[in-house]
Amino acid sequence: MQQDILMIEDEVNIAEAVRFILSREGWQVALHADGAGAIEAIRNHRPRVLILDLMLPNRSGAEVLADLRADPDANLAATPVLMLTARGQVGDAAAQANQILSKPFDNADLRALVRRMLG
Amino acid sequence: MNERSTPTVLTGTRIRERRLSLSRRQADIARAVGISPAYLNLIEHNRRPVSADLVARLAEELDVPAEELAEGREEVRIAALREAAAHPVATGLGPELDQVTELLARFPGWGQLLIAHARRAGGLERQLVDLSDRMTQDPYLLTTLHEVLSAVTAVRSTAAILVEEGEISPEWRRRFHSNLHEDSQRLSLTAQALVAYLDSFEAEGSAATPQEEVEAWLAAGASDAAELASDAARVMARQLESGLNADRDILPDQILAEAVTNPEARADPVRLAARLEMPLDLVMRRLADLRPAGFEGAGLLVCDGSGALTLRRAAPGFPLPRPGDSCPLLPLYQALAVPQVALVRDVVTPDGRGFRTLSHATRSQPGGVTGPVLTTAQMLFTPIDGPVPSDALAIGPACRICSRAACPARREPSILVPQPVLVERPNGTFDTGL
């Protein structure tokens, strides 16, 4: 089932706050909390925008993003990605993400970025 | 002027200066210490060596502590000045190395001041390196900072929802209040832990990781593992203690101490192991543990197949590599490529100290024939008495803090040496500005 947004974030309270903020805009938001199984979750939800945390357990956000971009399903591989990072630099991951948002972020900035990405 | 004659020159000069300051005649002093005036004259003009025994007699006659005249004291000062001159900061300044002895003899106060400054700079560099290591690589610090940032992010977003989002159902409001409370508590605890951890930075050389705790405990005599601060360190220490005790049961102190009395065995641990009919890796561990005659200053490094250091036993003057960030030229790592072969290599540290290293790797399959093959390498190192061989391998600490400008194994620029400035040529290629 296609969702508007899938958020992969292990911090439950951040995920809950983001889902609340974005749901209020009328968007459907699904959550996944682990780097492991992330590609399967993306494949299942086929989101229009993926919000991906860089620091994830088991498999980092950068690794998940690299796997996604290398996926044989071209549509899936092209999923627009908003990378959330707690670091000042994200290295190679920055080049593969469509947008980068540094933590802590302003809710209005998050909303505006997602709106732009959803078109 | 070679290095071995240098201290003698100073000793003679100092004897002469002391005698003249007391207005004593050469003949009187010579008679008092049982040598001819002509021989004392040659000593004072640095044309004859002077034994430790004679230095002691002269010191007594000249009413001065023997160490004031002895070679060792000057040797240490000369070595300290040469070490200061070898620092990259001296590159291009051209300090007159051939006049070190004259500098110390004519301006002892200035010489001491220079040495004191060089030592202080060295201490500060080590502290800088330690802090730099921790700030950039310490997993505890990185994890804790990430935890702080995550809690701050959750608090900021949740608080903004409560303030800015208008009508919120009572159920969601309660939930967000609860989240705020939870995150603020987490933030408080994490911030306290972070402050305590950063405070520990001020204690130079303090143990930062469980492995460092265990190594410090081992160096202090391995008294009681229960006194270690962290659970992980206590577990690691007990495992290490168990391994050391097992080694001691197989090769007791007395047998090892007796075996090294044989000069041939003492000079060659491979022969020593053969004489004892015991594995070389066991003998190496026991030599570093017991430090019998001939191995008093021995240290030991142990790494696994990935090169990660799993144990570091210090030896005076040897720059212990930090776990996960050591010199790639250490013979320890060469041993990984040739298991069961004993590699002997002399190495020289950045401050000119020489060590003889013996490296040896073993392989095991603790999971049976279908299990993974594990490799462990050990490097036993002992200080070299006398001059360092000219073909000794130049090693250092981690690249980032290594002062050796030209090294074929360098992984990254050093923070201790001037960095080359890249200048673009008209043809589009780059060259260093140095």
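How many bridges pair strand 3 of chain A with strand 4 of chain A, and in which sense, parallel or antiparallel? These two strands pair in the parallel sense, over four bridges. Keep in mind that this is a predicted model. Strands of a sheet pair through backbone hydrogen bonds, either parallel or antiparallel. Both kinds appear below.

Start with the sheet in chain A. It is an open sheet of five strands, in the order 2-1-3-4-5, with parallel pairing. Strand 2 (29-32) and strand 5 (99-102) are the edge strands, and each pairs on one side only. Neighbouring strands of this sheet are turned against each other by 20 degrees on average, direction ignored.

Now walk across the sheet, beginning at strand 2 of chain A. Strand 1 of chain A pairs with strand 2 of chain A in the parallel sense, over four bridges. Here Met7(A) stands opposite Leu31(A). Next, strand 1 (residues 5-8) runs parallel to strand 3 of chain A, and four bridges join them. In this pairing, Ile8(A) has Leu52(A) as its bridge partner. One step further, Leu52(A) stands opposite Met83(A) in strand 4 of chain A. Last come strand 4 and strand 5 of chain A, which run parallel and are joined by four bridges. Met83(A) has Ile100(A) as its bridge partner in strand 5 of chain A.

Helices lie against these strands. Helix 1 (residues 12-23) of chain A packs on the sheet and touches strand 1, strand 2 and strand 3 of chain A. The direction of helix 1 makes about 165 degrees with that of strand 2 of chain A. Follow the chain from strand 1 through helix 1 to strand 2 of chain A: together they make a right-handed β-α-β unit. Helix 3 (residues 61-69) of chain A lies across strand 1, strand 3 and strand 4 of chain A. Helix 3 runs at about 145 degrees to strand 3 of chain A.

Look more closely at Leu52(A). This residue is found in strand 3 (residues 49-53) of chain A. Is Leu52(A) buried or exposed? Leu52(A) counts as buried because 28 other C-beta atoms lie within 10 Å, and the cut-off for buried is 20 or more. Leaving out residues up to four places away in sequence, Leu52(A) touches Ile8(A), Gly61(A), Val64(A), Leu65(A), Val81(A), Met83(A) and Leu84(A). Take Leu84(A): it is 32 residues apart from Leu52(A) along the chain, yet their C-alpha atoms are separated by 5.9 Å.

Strand 4 (81-85) of chain A deserves a look too. Five of its five residues are buried. Val81(A), Met83(A) and Thr85(A) are on one side, Leu82(A) and Leu84(A) are on the other, and both faces are covered.

Turn to chain B for the antiparallel sense. Strand 1 (residues 299-304) of chain B has one covered face, with Gly299(B), Leu301(B) and Cys303(B). Leu300(B), Val302(B) and Asp304(B) make up the uncovered face. Strand 1 of chain B pairs with strand 2 (residues 309-313) of chain B in the antiparallel sense, over four bridges. Leu301(B) has Arg312(B) as its bridge partner there. These two strands form a hairpin with four residues between them. In the turn, Gly307(B) has a positive phi of about 90 degrees. Strand 1 of chain B also pairs with strand 5 (residues 374-383) of chain B, again antiparallel, over six bridges. In that pairing, the bridge partner of Asp304(B) is Thr376(B).

Note on methods
Residues are numbered from 1 along each chain as its sequence is written. Chains are lettered from A and ligands numbered from 1 in the order in which they are written. This is a predicted model: local features need pLDDT of at least 70, side-chain atom pairs count only at pLDDT 80 or more; totals for chains, interfaces and linings use all residues. A residue is buried if 20 or more other C-beta atoms lie within 10 Å of its own, exposed if 12 or fewer, and partly exposed in between; C-beta atoms are placed from the backbone. Two residues are in contact if their C-beta atoms, placed from the backbone, lie within 7 Å. Two strands pair if DSSP finds at least two bridges between them. Axes are lines fitted to C-alpha atoms, for helices over the stretch in contact, and angles run from 0 to 180 degrees between N-to-C directions. A crossover is right-handed if, with the strands pointing away from the viewer, the path from the first strand over the helix to the second runs clockwise.
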